[in-house]
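Me: I'm new to this structure and would like a close look at a single part of it. Could you walk me through the place where the two domains meet?

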Amino acid sequence: MSTQESYPIDVEAIRADFPILDRTVGGDVTTPGESSEDTEPLVYLDNGATSQTPRPVVEAIVDYYYGYNANVHRGIHQLSQEASVAYEEAHDRVAEFINAEGREEIVFTKNTTESMNLVAYAWGLEELGPGDSVITTQMEHHASLVTWQQICKRTGAEIRFIEVDENGRLDMDHAAELIDESTEMVSLVHVSNTLGTVNPVAEITEMAHDVGAYAFVDGAQAVPTRPVDVAAIDADFYAFSGHKMLGPTGIGVLYGKEAILESMQPYLYGGDMIRKVTYEDSTWEDLPWKFEAGTPNIAQAVGLHAAIDYLDDIGMANVQAHEELLAEYAYDRLSDHDDVEIYGPPGDDRGGLVAFNVDGVHAHDLSSILNDYAVAIRAGDHCTQPLHDTLGTAASARASFYIYNTREEIDALVEAVDSARQLFG
Ligand SMILES: Cc1ncc(COP(=O)(O)O)c(C=O)c1O
């Protein structure tokens with residue numbers, strides 16, 4: 001079996017759609033986009049932060065700007081109508097992709113962080129108060145942790161954290177203990193961006209509903225990498241970002257159940273989100289426009305639509321299989337070394353990323369040396385500082401994979417880690 005045949009997807013054909021994967025890097029920053037001297041082929045393993053963008057997505061955005069760029073919902077003229085159709089159809093496409101009931105349940109935001117803040121401000125500030133609790137987990141990204149922490153401070157609600165066990169999984173007994181009659185919101189990450197843990201989000205949503213609380217799932221690492229069905233999970237809110245799933249930056253999604261979104265006050269006020277305005281008062285547009293004040297991210301919506309088409313052509317089950325294959329391969333290769341500590345569950349039970357430390361080499365130094373070998377990974381706390389405290393380290397190195405990555409690239413990572421180890425003796 002050739003290497004190519006042994007992947008669940010056609011990696012070679014996919015790579016051809018990503019011009020950036022043809023460039024070389026040499027460690028030094030020169031003019032952005034230009035290769036420096038003494039260069040090597042780029043090995044891009046920082047997909048958990050931002051994925052790369054294939055030609056069809058860039059072309060869809062170019063077609064929009066060259067062909068029908070106009071403001072939406074404001075013009076009778078043809079270009080505005082065409083832009084409006086494209087913008088609205090992007091909502092429909094997202095709804096179909098995650099099995100929401102329709103565009104009313106899909107609000108476009110800037111990113112996952114803004115989706116989280118929208119609910120925290122529009123729902124949390126109104127509904128939470130002393131005696132209420134918000135339950136989240138020790139493995140939350142700051143986008144969720146800091147947002148609920150601060151909203152709880154402002155409202156007097158209590159925030160509680162479900163513990164992570166020694167295998168990087170949620171302690172479900174602790175979850176059952178914490179989720180009680182005082183709970184109004186349970187907010188948790190679907191796939192941890194540090195541990196790679198895939199959380200039982202449907203089970204926890206059910207626990208939230210049993211006590212009359214809402215559930216919010218942070219799907220920033222899940223929607224890009226596996227099939228997600230919001231109806232099956234039954235969460236009340238679900239958030240993710242376009243830039244981690246082949247789409248452009250500047251667009252995120254908030255899914256919310258229609259009746260709940262309907263019951264919430266707007267988050268931002270202004271144009272486009274109103275129906276009738278007088279000097280005394282205003283009324284709001286229908287969903288989802290009620291939550292999309294001002295000129296929205298139209299080009300980005302067009303790009304996200306194209307990104308979803310691209311992923312759907314591959315098939316999300318195949319994307320997941322590829323992610324799991326690479327995660328297990330990386331886990332096995334890295335754990336060959338006694339001085340490497342890998343965080344999170346075993347290699348055969350995780351999302352497509354591996355965070356680790358090499359004894360005696362700070363993650364930042366490791367990342368910097370890897371950069372000299374043209375291997376791009378992330379080093380730091382990955383926006384999970386409290387989790388890193390719990391793990392007993394300030395920082396870790398993280399390699400995260402996507403549809404265009406290969407085993408050979410993971411071999412390049414491991415070789416570069418070996419070189420760093422030698423350098424640090
Ligand atoms: C699990 C998780 N949640 C939230 C975010 C925040 O995403 P964004 O920066 O696009 O808002 C990230 C980004 O790394 C993430 O990995």
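Reply: Here is a walk through that boundary, with a little background before it and two backbone details after it.

Keep in mind that this is a predicted model. The protein splits into domain 1, made of 11–50 + 315–423, and domain 2, which runs over 57–313. There's also a record to set beside that split: an unreviewed UniProt entry puts the feature "domain: Aminotransferase class V" at residues 43–413. The C-alpha atoms at the two ends of that span, residues 43–413, are 8 Å apart, and the span is 41% helix and 18% strand.

Now to the boundary itself. Measuring from C-alpha centre to C-alpha centre, domain 1 and domain 2 are 28 Å apart. Where they touch, 36 residues of domain 1 are in contact with 32 residues of domain 2. People often describe how big an interface is by the accessible area lost when the parts come together. Here, about 2,700 Å² is buried between domain 1 and domain 2, and carbon and sulfur atoms give 57% of that. If you want residues to look for on the domain 1 side, try M316, L387 and Y402: these lose the most area to domain 2, and together they make up 23% of what that side buries.

What about charged and polar links? Between domain 1 and domain 2 the count is one salt bridge. As for salt bridges between named side chains, R169 and D349 meet in one, with 2.7 Å from N to O. Polar contacts add to the picture, with 19 residue pairs found across the interface of domain 1 and domain 2.

Which elements of domain 1 give two or more residues to the side that touches domain 2? They are the helices α11 (316–334) and α13 (385–391), along with the strand β14 (353–358). Sorted by kind, the residues on that side of domain 1 come out as 18 nonpolar, eleven polar and seven charged.

Two backbone details are worth a look while you have the model open. One is the peptide bond from L287 to P288, which is cis, with omega near 0°. You'll find P288 in the loop between β12 (282–284) and α10 (298–314). The other is N99, which has a positive phi of about 60° although it isn't a glycine. N99 sits in a loop too, between α3 (78–98) and β4 (106–109).

Conventions. Residues numbered from 1 in each chain as written. Predicted model: local features only at pLDDT ≥ 70, side-chain atom pairs only at ≥ 80, totals over all residues. Heavy atoms only, no water. UniProt positions renumbered as here; feature names shortened; annotations may be inferred. Helix = DSSP H or I, 4+ residues; strand = E, 2+ residues; numbered from the N terminus. Domains from an automatic or database assignment. Contact = heavy atoms within 4.5 Å. Buried area = accessible area lost by both parts, 1.4 Å probe. Salt bridge = Lys/Arg side-chain N within 4 Å of Asp/Glu carboxyl O. Polar contact = N/O pair within 3.5 Å; in protein donor to acceptor, adjacent residues only side chain to side chain. Nonpolar A, V, L, I, M, F, W, Y, C, P; charged D, E, K, R; others polar.
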